[in-house]
Amino acid sequence: PAQALARRRRELAKMTGNIKLKPPIPFRALEKVRVRPNSLVQICLKRVAEHFLSYDGLDKKLGKKQLEDVYAMLNLNMSLPEAATRISDENYWKRRTQAKHRNAQVEKHGMSWKQTYLELDFQEALERLPVTFDYSSPELEDLRQQVTASRLHIYQLTVGQFPSHIDLSFLFDALPALCSFAITFGNRRLGMDYERAMFGMKISDAQYLARNIRVSQTLVSLSLPCNMIDDELVKVLMGGLSYAHMLTHLDLSHNKIGDRGARRLASLLDPDYCLGSLDLSDNLIHANGCMHLGAHLAENVTCSALNLRLNRCEDNGVSHLFQDLCVNKCLRMLNISCNDLTVRCLPYMNTMISENATLTELDLSANPLYQPEEGEGAGAEASGSLSQTLLAGDSILGAVGSELGAAGELGAEAQASLAGISMSSQFGVFARCLMRSNALLRIDIRQCGLPPELAERITTTVKHRELRAKGIPVEAYERSKIVQKEKEEEEEEAQGEEGEGAEGEEGTEGGEGQGEAKEGGAENEEGGGEQQEEKVDAAEN
C-alpha cells in the first residue's frame with residue numbers, strides 16, 4: 001500500500017505540474033503499537049471455528065490455509081462422532097491424542113493420528129463397560145454411534161480388560177477394516193472385591209466370539225491371552241476358527257489348554273489354512289498334544305513361528321516333534337523352553353538340527369538337559385577325543401580359532417576348559433551339531449545346566465554366524481566386547497580404590513582418636529599418681 005501511494009503521488013505531481021501536495025500526517029502512536037487488531041478474515045474464521053458443527057462443506061468454501069486455521073482453533077472436547085465424521089486434519093487429531101493419551105505411539109497405529117485416537121478411545125470405552133449391562137441402555141447406543149463414526153479408521157483393537165460379557169457382534173458387523181483383535185475377559189484391578197466369576201471367558205463369550213470370527217472377512221490376527229480357556233472352550237471356539245482361512249496369527253498363551261485342545265488347534269496347521277504364527281505358551285499341553293502339533297507341522301508350508309514355552313511336553317512329546325521337524329521346510333522360530341526336557345531327547349534334537357535347513361532360532365532355556373553326573377566318566381579318553389574333534393572342526397570354528405591362536409592352542413584350551421565332557425557323548429554331538437549348523441542363527445541355552453565353558457563356546461559360535469549373516473565384521477564385534485569389558489574392569493577398580501581410600505581415612509581418624517585417648521589415659525594416670533603421693537605425705541606428717 002505504501003508503494004502504491006507513493007506511485008499515485010508521483011502520477012498526480014506530473015499531472016498537476018508545479019502544484020506541491022502536502023505530505024501525509026504521521027500518526028506516531030500507531031507506528032509504536034506492536035499488537036494490531038485482528039483482521040476481518042481472522043474474526044470470521046474464529047466465528048466459524050466456534051460454530052463449526054453449524055456449517056457444511058467448509059472444505060469447498062474455504063481455502064487450504066484458512067481451513068487449517070479453523071482446525072487449529074477447534075475445541076478438543078468436540079463430540080467424537082461429529083469430529084470423526086467431519087475432521088480429517090492430522091494436526092487436530094495429533095493435538096487431541098497427545099492431550100488425552102500422552103504415551104500414544106503413532107507408529108503402532110498406521111502412522112495416522114486420527115486412527116490412533118479413534119482406536120485408543122474405543123478401547124477405553126470397551127474397558128469401562130460395567131459387568132452387568134443392559135442392551136437398551138444409552139451407553140450401548142453411544143458406543144454404537146462411536147463405532148459407526150469410526151468404522152473406516154479402526155484397524156486393530158487391543159482390549160486389556162473386558163469386565164462385561166455382552167455380544168460384540170455390533171463391533172464386528174460395523175468395522176469392515178478390522179484386521180487385528182485382542183481381548184482379555186475380566187478385571188485387572190479388583191482389590192478386595194475379588195470374585196472367581198469375574199475372571200476368564202465364559203461359554204457364552206466363546207459362542208459370541210466364534211460367530212464373529214466366522215463372519216469376519218478381514219481378521220488376520222487374533223489374541224486371547226489370560227482368558228482361562230480350557231479344552232471345552234477351545235471346542236466352542238473351533239466353531240469359528242475352522243472357518244478363519246485368512247487368519248495368520250493366533251495367540252492363546254496363558255490359558256489352560258490341554259492335549260485335547262491342542263489336538264483340535266493342530267488342525268489349523270493343515271494346508272487349507274495360512275496360519276503363520278501360533279503361540280501356545282503357558283498352557284497344560286503334555287506329550288500327546290505336542291505329538292499332534294508335530295504331525296501337522298510335518299507337511300505345513302505356512303507356519304514360521306511356534307511357541308510352546310511353559311508347557312509339559314517332556315522328552316516323549318518333543319522327540320516326536322523333532323522327528324517331524326526333520327522334514328519341515330518352513331518353521332523358522334521354535335521356543336520349547338521350560339518343558340522339562342532331559343538328555344533323553346538329545347538324539348532326536350541332534351538329528352533335527354543336522355537335517356533341518358530352515359530353523360534359524362531355537363530356545364531351549366530352563367530345561368534340565370545336563371546333569372553333572374551324566375557328564376562324568378570319560379577321563380583321558382574324553383579329553384583326547386575332545387581335542388581331536390575340536391582340531392578337526394577348526395574350519396568350522398574359524399572365528400573362535402582366530403581368537404585363541406593356533407590349532408594346538410585351541411585344542412589345549414578346549415581340553416583344559418571342557419575336560420570331562422566327551423565329544424562322542426550326546427552333549428558332544430549336540431555341541432558339534434549346533435556349531436556346524438549353517439541355518440541356526442540364534443540359540444538360547446541358559447539355565448540348562450551346561451558347563452559355563454561349553455555354553456559360552458556354543459553361544460559365541462552361533463553369535464558369530466549371525467553376525468556374518470548380517471554382514472557385520474566378527475573382529476569388530478569382539479573388539480567392542482573387549483573394550484567394554486576393560487571399561488567395566490576399570491570402573492570396578494576405581495570404585496575399589498575409592499572404597500579403600502575411604503577405609504584408610506576412617507582408619508587414620510580412628511588411630512588418631514586412639515592416640516588421643518591413650519595420651520589422655522596417661523595424663524590421667526600421672527594425675528592419679530600425684531594425688532596418691534600427696535595423700536601419703538599427709539599421712540606421714
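## The chain at a glance

Let's start with the overall layout: the chain holds 22 helices and nine strands. Keep in mind as you look around that this is a predicted model. The chain runs to 541 residues, and 40% of them count as buried.

How do distant parts of the sequence meet? Take the contacts between residues at least 6 apart in sequence: 74% of these join residues at least 24 apart. As for the outside, the chain exposes about 31,100 Å², with carbon and sulfur atoms supplying 51% of that area.

## The second largest pocket

Next stop, a pocket. The second largest one holds about 250 Å³ of space. Which residues line it? They are His 101, Asn 103, Ala 104, Gln 105, Lys 108, His 109, Leu 120, Gln 123, Gln 156 and Thr 158.

Sorted by class, that lining has two nonpolar, seven polar and one charged residues. Two elements, helix 8 (113-127) and strand 1 (156-162), each give at least two residues to the lining.

## His 109 and Thr 116

One of the lining residues, His 109, is worth a visit. You'll find His 109 in the loop between helix 7 (90-100) and helix 8. Is His 109 buried or exposed? Its relative accessibility is 9%, so it counts as buried, the cut-off for that being under 20%.

The side chain of His 109 makes a polar contact of 2.5 Å with the side chain of Glu 119. Setting aside residues up to four places away in sequence, His 109 touches Gln 115, Thr 116, Glu 119, Leu 120 and Gln 156. Two of those names are familiar from the pocket: Leu 120 and Gln 156 are also among its lining residues.

Thr 116, one of the residues His 109 touches, sits in helix 8. Thr 116 counts as buried because its relative accessibility is 0%. Apart from neighbours within four places in sequence, Thr 116 is in contact with Thr 97, Ala 104, Val 106 and His 109. For Ala 104, there's a distance to go with the contact: its C-alpha atom is 7.5 Å from that of Thr 116, and the two residues are 12 apart along the chain.

## Val 131, past helix 8

Carry on along the chain and you reach Val 131, in the loop between helix 8 and helix 9 (138-149). Val 131 counts as partly exposed because its relative accessibility is 41%.

What does Val 131 touch? Not counting residues up to four places away in sequence, the answer is Pro 163, Ser 164, Asn 187 and Met 198. There's also a spatial link to Gly 186: it is 55 residues from Val 131 in sequence, with 9.0 Å between the two C-alpha atoms.

## Asn 255 and its surroundings

Asn 255 is found in the loop between strand 4 (249-251) and helix 13 (259-266). With a relative accessibility of 6%, Asn 255 counts as buried.

Its side chain has backbone partners. The side chain of Asn 255 reaches the backbone nitrogen of Met 228 at 3.0 Å, and a polar atom of that side chain lies 2.9 Å from the backbone oxygen of Leu 252. Leaving out neighbours within four places in sequence, Asn 255 is in contact with Leu 224, Pro 225, Cys 226, Asn 227, Met 228, Ile 229, Asp 282 and Asn 283.

## Two positive phi values

A bit of background first: most residues other than glycine have a negative phi. Glu 314 has a positive one, near 60°. Glu 314 belongs to helix 15 (residues 314-325), and its relative accessible area of 39% makes it partly exposed.

Ala 366 isn't a glycine either, yet its phi is positive at about 60°. Look for Ala 366 in the loop between strand 8 (361-363) and helix 17 (379-392). Ala 366 is partly exposed, with a relative accessible area of 33%.

## Asn 438, out in the open

The last stop is Asn 438, in the loop between helix 20 (426-436) and strand 9 (442-444). Is Asn 438 buried or exposed? Its relative accessible area is 73%, so Asn 438 is exposed, as anything over 50% is.

Where does Thr 360 lie relative to Asn 438? The two are 78 residues apart in sequence and 9.0 Å apart in space, going from C-alpha to C-alpha.

Conventions: Residues numbered from 1 in each chain as written. Predicted model: local features only at pLDDT ≥ 70, side-chain atom pairs only at ≥ 80, totals over all residues. Heavy atoms only, no water. Helix = DSSP H or I, 4+ residues; strand = E, 2+ residues; numbered from the N terminus. Buried < 20%, exposed > 50% of the residue type's maximum accessible area, 1.4 Å probe, protein only. Contact = heavy atoms within 4.5 Å. Areas by Shrake-Rupley, 256 points an atom, 1.4 Å probe, with all protein chains shown as cover. 1 Å grid on protein atoms, 1.4 Å probe; cavity = no way out; pocket = protein on both sides within 12 Å on 5 of 7 lines; lining within 4 Å. Points joined across faces, edges and corners; volume = space filled by probe spheres on them. Nonpolar A, V, L, I, M, F, W, Y, C, P; charged D, E, K, R; others polar. Polar contact = N/O pair within 3.5 Å; in protein donor to acceptor, adjacent residues only side chain to side chain.
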